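Please look through the sequence and the structure shown below before reading on. The questions that follow take up the strands, a helix, the charged surface and the salt bridges in turn.

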Amino acid sequence: MLSVELHTHSSLSHDGRDPVEHLLEQAESVGLDAIAVTDHDEIAASLDAVEQAPDYGLIGIPGMEITTAVGHVLALGVREAVPAGLSFEATLDRIHEQGGIAVVPHPFQSSRHGVAPHISRETLATADAIEVYNSRLLTGRSNRKAERFAIANDLPMTAGSDAHIAEMVGQAVTEVDTDDRSAAGILDAIAAGHTSVVGRRTPWHISFRQAAGGAKRRVLRAIGEWL
């Protein structure tokens, strides 16, 4: 059984703070086996993390969080960026063309670009897996709704910390039942549904700090581009 963190953001994300080295250090310190850096519409830092992961005793999984026309989708196992703005269906096609898997994060949280309000349940069920525990929760209602949907549609279930600062890596972990200590082996096991989820809520003051820090960084970057 491998402990895997599938949803993190580095400083390459518009709302992330820390370099990949800090994410990897945290993953090592909390005893994870594998980590995916999934920046918003960027993949360079994730590929860097894959290269550095063995130095920290970790398996690096390449990936990104894609902003589709209807919301966010995690692409795991891809090594080329999938363009933002495509339809949900076209995005999944692009992920599968690279041999990756598509995991839908926080699908029922419309305030955080969840896709469920904008597509049919049949379309949502074409994903390879559903993130049923996102640690950045308020009441947990959206997580419970995601879990019920995954169970009803016999879809694999994952968890993710959705960490935008290094300290939150490992808050929510997908336990993957496999002896194959490779990115491909882990993703195959996830797609086959050999998973269980373990998660803790991100403290509300840290969620606020992550959101506020992300907003500040977006403003500073916009000013820098304008200048």
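Two strands are said to pair if DSSP finds at least two bridges between them. The model discussed here is a predicted one.

Q: Which strand do three bridges join to strand β1 in the parallel sense?
A: Strand β1, residues 2-8, is mostly covered, with seven of its seven residues buried. On the antiparallel side of its pairing, three bridges join β1 to strand β9, residues 172-176, and there S3 stands opposite E175. In the parallel sense, V4 has A34 as its bridge partner, and the strand that three bridges join to β1 in this way, covering residues 34-37, is β2.

Q: Why is strand β5 described as largely enclosed by the rest of the structure?
A: A residue counts as buried when its relative accessible area is under 20%. Strand β5 spans residues 71-76, and it is largely enclosed by the rest of the structure because the number of its six residues that are buried is six.

Q: Which residue of β5 is the bridge partner of M64?
A: Strand β4, residues 63-68, pairs with β5 in the antiparallel sense over six bridges, and a hairpin joins β4 to β5 through two residues. Strand β5 is also joined by three bridges to the antiparallel strand β6, residues 101-104, where L76 has I101 as its bridge partner. In the pairing of β4 with β5, the partner of M64 is A75.

Q: What phi does G193 take, just after α6?
A: Helix α6 covers residues 183-191, and its buried residues are A183, G185, I186, L187, A189 and I190. Just after this helix comes G193, whose phi is positive, at about 85 degrees.

Q: Which helix gives the largest share of the positive patch?
A: On the surface, R121, R141, R144, K145 and R148 gather in a patch of positive charge. One of them, K145, is partly exposed, with a relative accessible area of 31%, and its place is in helix α5. With four residues, the largest share of the patch comes from the helix that spans residues 141-152, namely α5.

Q: How far apart are the closest N and O atoms of R17 and D18?
A: A search of the whole structure finds four salt bridges, and one of them is formed by R17 with D18. R17 is partly exposed, with a relative accessible area of 33%, whereas D18 counts as buried at 7% relative accessibility. The closest N and O atoms of this pair lie apart by 2.9 Å.

Q: How many residues apart in sequence are the parts that R181 and D33 tie together?
A: R181 forms a salt bridge with D33, and the closest N and O atoms are 3.7 Å apart. R181 lies in the loop between β9 and α6, while D33 lies in the loop between α1 and β2, so the pair ties together parts whose separation in sequence, in residues, is 148.

Q: Which residues do salt bridges that share partners join into one network?
A: The salt bridge of R112 with D162 has its closest N and O atoms 2.2 Å apart. R112 lies in the loop between β6 and α4 and D162 in the loop between β8 and β9, so this pair ties together parts that are 50 residues apart in sequence, and both R112 and D162 are buried. The residues joined into one network by salt bridges that share partners are R17, D18 and E167.

Notes:
Residues numbered from 1 in each chain as written. Predicted model: local features only at pLDDT ≥ 70, side-chain atom pairs only at ≥ 80, totals over all residues. Heavy atoms only, no water. Buried < 20%, exposed > 50% of the residue type's maximum accessible area, 1.4 Å probe, protein only. Patch = residues over 30% accessible without salt bridge, like charges linked within 9 Å, V, L, I, M, F, W, Y side chains within 5 Å. Areas by Shrake-Rupley, 256 points an atom, 1.4 Å probe, with all protein chains shown as cover. Salt bridge = Lys/Arg side-chain N within 4 Å of Asp/Glu carboxyl O. Lys, Arg positive; Asp, Glu negative; His and termini not counted. Charge placed at Lys NZ, Arg CZ, Asp CG, Glu CD.
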